[in-house]
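Student: I should like to learn how to read the features of a structure that is new to me. Where should one begin?

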Amino acid sequence: MSAVLAAPVPVVGPRLAVDLDAVAANTRLFADRTPGALMAVVKADGFGHGAAAVARTALAHGAAWLGVTSLAEALALRAEGLTAPVLSWLNPVDADYTAAVGARVDVAVPSRAHLEAVTRAGIGARVHLHLDTGMARDGAPPAEWGALCRDARRAERAGLLRVVGVMGHLGCADDPADPANAAGRAAFDHGLATARATGLRPPLRHLAATAATLTDPASLHTMTRVGAGLVGIDPSGTTRLHPALTLTAPVVGVRRVAAGTAVGYGRTWTASRPTTLALLPLGYADGLPRATSGRAEVLLRGRRCRLVGRVSMDQVVVDAGDERVRPGEVATVFGAGRHGEPTTAEWAVWADTIEHEIVTGIGARVSRTASS
Ligand SMILES: *Cc1c(COP(=O)(O)O)cnc(C)c1O
């Protein structure tokens, strides 16, 4: 009862298609909502969508700046030929700030030790002082802020660097009602006043990211840093954006099994009726979270089919019921949802996580294509 059909020839493997028109439309929406400059945040390979492609698209549709975490990401954008202003905001004290100056990459400075390292790197650094506005994470603690501003002003007066920006970040902007938002805004305003009192006049003052830009106009200063929103993710759940990823995989094997057949590691699922199982060559190494085992669905032959058994490293088994699936047919793992396929938002629910983790987690062996 378990005749196995193998694919006759190697078919195209799992594929991630990036819709740059969606990125363009999202960028225009954010540019419209931003009174100041829009920074396109393309860290983590453009949230898994391709940093250079997302950067080019965003710059062509209203963004003026690029933002990334590491200096390596910033230098990679330069190597791709992107000449727009770039800010890198998370680096160790001993990062190569000379390379940053040479490549005209702005750097965020979250501590006096970082400031000293940047100052030593040579004349001409452009820095954004980074204040912790309530996350106890990557900005300077408020207690050190005054000293950091004074040191920075001294270095600026000595002609060693320019303080062109001050930045903060809100940790609860996905929930506009959270009182931490007002507290974060107030902390930022206070930090700006302190900077001003030391003589600094940074033209770029930026606090809001995607959620705050959509829900909290009071958080908008002279620039906003938007990442998730450009690729169609709205953490605040208030705005219809355009998802930009479609993940597909070919069926590489089909088998008809009897009731009582157990599937996969641990034999965690057993067929309660005769059914057809389809094998897809994608697993947790490719970004399908193991936590979605037995919960997630894909679209196959126009129908939602559930994953059964455990997600393996390289493969998943789909219960296709009585569909006459053939090897080589293509399943849609997720997409924009227009044809009944699951969305990354559904995958996030199945994995008990956020969409960001799904889109940034697609593995390197999935081939990428971009279209606009
Ligand atoms: C990732 C990040 C952003 C972008 O946030 P989104 O919510 O994805 O728009 C902005 N600022 C900082 C400091 C970040 O780490």
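Tutor: We shall discuss the ligand and then the annotated positions. This is a predicted model, in which local features need pLDDT of at least 70, side-chain atom pairs count only at pLDDT 80 or more, and totals for chains, interfaces and linings use all residues. Residues are numbered from 1 along each chain as its sequence is written, and side-chain values use heavy atoms, with hydrogens and water left out.

Student: Which residues surround the ligand?

Tutor: A residue is near a molecule if one of its heavy atoms lies within 4 Å of it. Here the ligand is surrounded by Val-41, Lys-43, Phe-47, Trp-89, Arg-137, His-169, Ala-209, Thr-210, Arg-225, Val-226, Gly-227 and Ala-228.

Student: How should one read a polar contact with the ligand?

Tutor: A polar contact is a pair of N or O atoms within 3.5 Å. A polar side-chain atom of Thr-210 lies 2.5 Å from a ligand oxygen, and a polar backbone atom of Ala-228 is 2.8 Å from an oxygen atom of the ligand. For Trp-89, the distance from an N or O atom of its side chain to a ligand oxygen is 3.5 Å.

Student: How much of the ligand's accessible area does the protein cover?

Tutor: Accessible areas come from the Shrake-Rupley method with a 1.4 Å probe. On its own the ligand has 380 Å² of accessible area, of which the protein covers 90%.

Student: Which elements give two or more residues to the shell around the ligand?

Tutor: Helices (H or I, at least four residues) and strands (E, at least two) are DSSP runs, numbered from the N terminus. Helix H2 (43-48) and strand S10 (223-226) are the elements that do so.

Student: Where does UniProt place the feature "active site"?

Tutor: UniProt positions are given in the numbering used here, and annotations may be inferred rather than shown by experiment. The unreviewed UniProt entry places this feature at Lys-43 and Tyr-265. These positions span 223 residues in sequence and their farthest two C-alpha atoms are 35.2 Å apart, so they do not all gather at one spot. Lys-43 is found in helix H2.

Student: Which residues does UniProt list for "binding site"?

Tutor: The unreviewed entry lists Arg-137 and Met-313. They span 177 residues, with the farthest two C-alpha atoms 32.6 Å apart, and therefore do not all gather at one spot. Arg-137 is found in the loop between strand S7 (125-130) and helix H7 (142-157).

Methods
Polar contact = N/O pair within 3.5 Å; in protein donor to acceptor, adjacent residues only side chain to side chain.
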